[in-house]
Amino acid sequence: MPAVPPAVPPPSPSTAAPSLRSARAPLQKGQQTRAAILDAALGLASSAGLEGLSIGVLAEVMQMSKSGVFAHFGSREELQISVIREYHARFEEEVFYPAIREPRGLPRLRALFERWVRRVSVEVDSGCIYISGAVEFDDRPGPVRDALADMVRSWQGALDRAIRLAIDAGHLRPETDALQMLFEVHGLILALHHDARFLRIPGAVERARTAFERIVDHYAAPAGPAAAPGR
């Protein structure tokens with residue numbers, strides 16, 4: 001369970017959530033055009049992969065000239081990085097920021113996983129740029145790979161913090177290996193994506209939820225504070 005230069009500082013999902021898009025100031029015409037191009041590019045990348053993106057294809061989709069699209073991004077590489085950053089921003093708004101409103105501990109960890117699962121279930125017909133991008137760029141060093149890896153590490157860091165907070169809250173055993181638990185939880189998302197998108201196996205989402213609760217039960221503190229599943 002995706003981004004302007006060679007290394008992109010990940011938009012850290014850490015403390016305070018930024019204003020949502022609806023609360024931002026109205027975009028100028030040039031910004032609106034760029035946002036529309038980026039939205040179309042994100043749709044193309046979700047279905048055809050980041051390598052499927054090109055200035056020419058986007059120009060056709062947007063019914064613009066290649067030079068018009070090029071003026072907003074400057075290069076195919078910058079376009080790919082911009083798409084990764086946009087995907088990450090949307091992921092944060094849909095998954096991370098709503099979940100951190102839950103109390104620290106298992107309620108927040110469960111909310112993070114549940115919202116992640118919901119997003120993956122919606123992406124069954126389009127694709128996850130985090131996952132597809134990892135396949136495309138796992139052995140291809142460069143700015144695009146760096147941007148994608150930074151975003152994935154940023155998300156994993158958020159999950160790691162949520163697990164450690166659950167340990168501090170007494171919901172998980174003090175000896176819990178947070179990185180091991182993170183590995184197991186992330187593995188559930190990869191399995192869900194594989195079974196739901198590639199194999200089209202019915203019930204994969206519920207199996208992922210069941211497996212998550214088994215992981216939680218394994219690490220749960222025997223007499224920790226009550227933190228019932230929020231579903």
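**Exercise 1.** In this predicted model, decide whether Arg119 is buried or exposed, and list its contacts beyond four places in sequence.

*Solution.*
- Locate the residue. Arg119 sits in helix α5, residues 106–122.
- Apply the cut-off. Buried means under 20% relative accessible area.
- Compare. Arg119 has a relative accessible area of 10%, so Arg119 is buried.
- List the contacts. Leaving out residues up to four places away in sequence, Arg119 touches Tyr87, Arg90, Phe91, Glu94 and Val95.

**Exercise 2.** Check the span of helix α7 against the expected value.

*Solution.*
- Take the helix. α7 covers residues 143–168.
- Set the rule. The expected span is 1.5 Å times one less than the number of residues.
- Apply the rule. With 26 residues, α7 should span 38 Å.
- Compare. The end C-alpha atoms of α7 are 37 Å apart, which agrees.
- Look past the end. Just after α7, Gly170 has a positive phi of about 85°.

**Exercise 3.** Describe the largest nonpolar core, and find which helix gives the most to this core.

*Solution.*
- Size the core. The largest nonpolar core has 64 residues.
- Find its hubs. Val83, Trp116, Trp155 and Met181 have the most contacts inside it.
- Name the helix. α7 gives the most to this core, with 11 residues.
- Follow one hub. Beyond four places in sequence, Trp155 touches Phe91, Val95, Phe96, Leu112 and Trp116.

**Exercise 4.** Classify Ala208 as buried or exposed, and state which residues it contacts beyond four places in sequence.

*Solution.*
- Place Ala208. The residue lies in helix α9, residues 204–219.
- Classify. Relative accessibility is 7%, so Ala208 counts as buried.
- List the contacts. Outside four places in sequence, Ala208 meets Phe113, Leu188 and Leu192.
- Add a distance. Ala208 and Phe113 are 95 residues apart along the chain, with 9.7 Å between their C-alpha atoms.

Key: Residues are numbered from 1 along each chain as its sequence is written. This is a predicted model: local features need pLDDT of at least 70, side-chain atom pairs count only at pLDDT 80 or more; totals for chains, interfaces and linings use all residues. Side-chain values use heavy atoms; hydrogens and water are left out. Helices (H or I, at least four residues) and strands (E, at least two) are DSSP runs, numbered from the N terminus. Buried means under 20% relative accessible area, exposed over 50%, partly exposed in between (1.4 Å probe, protein chains only). Contact means heavy atoms within 4.5 Å. A nonpolar core is a set of buried Ala, Val, Leu, Ile, Met, Phe, Trp, Tyr and Cys residues joined through side-chain atoms within 4.5 Å.
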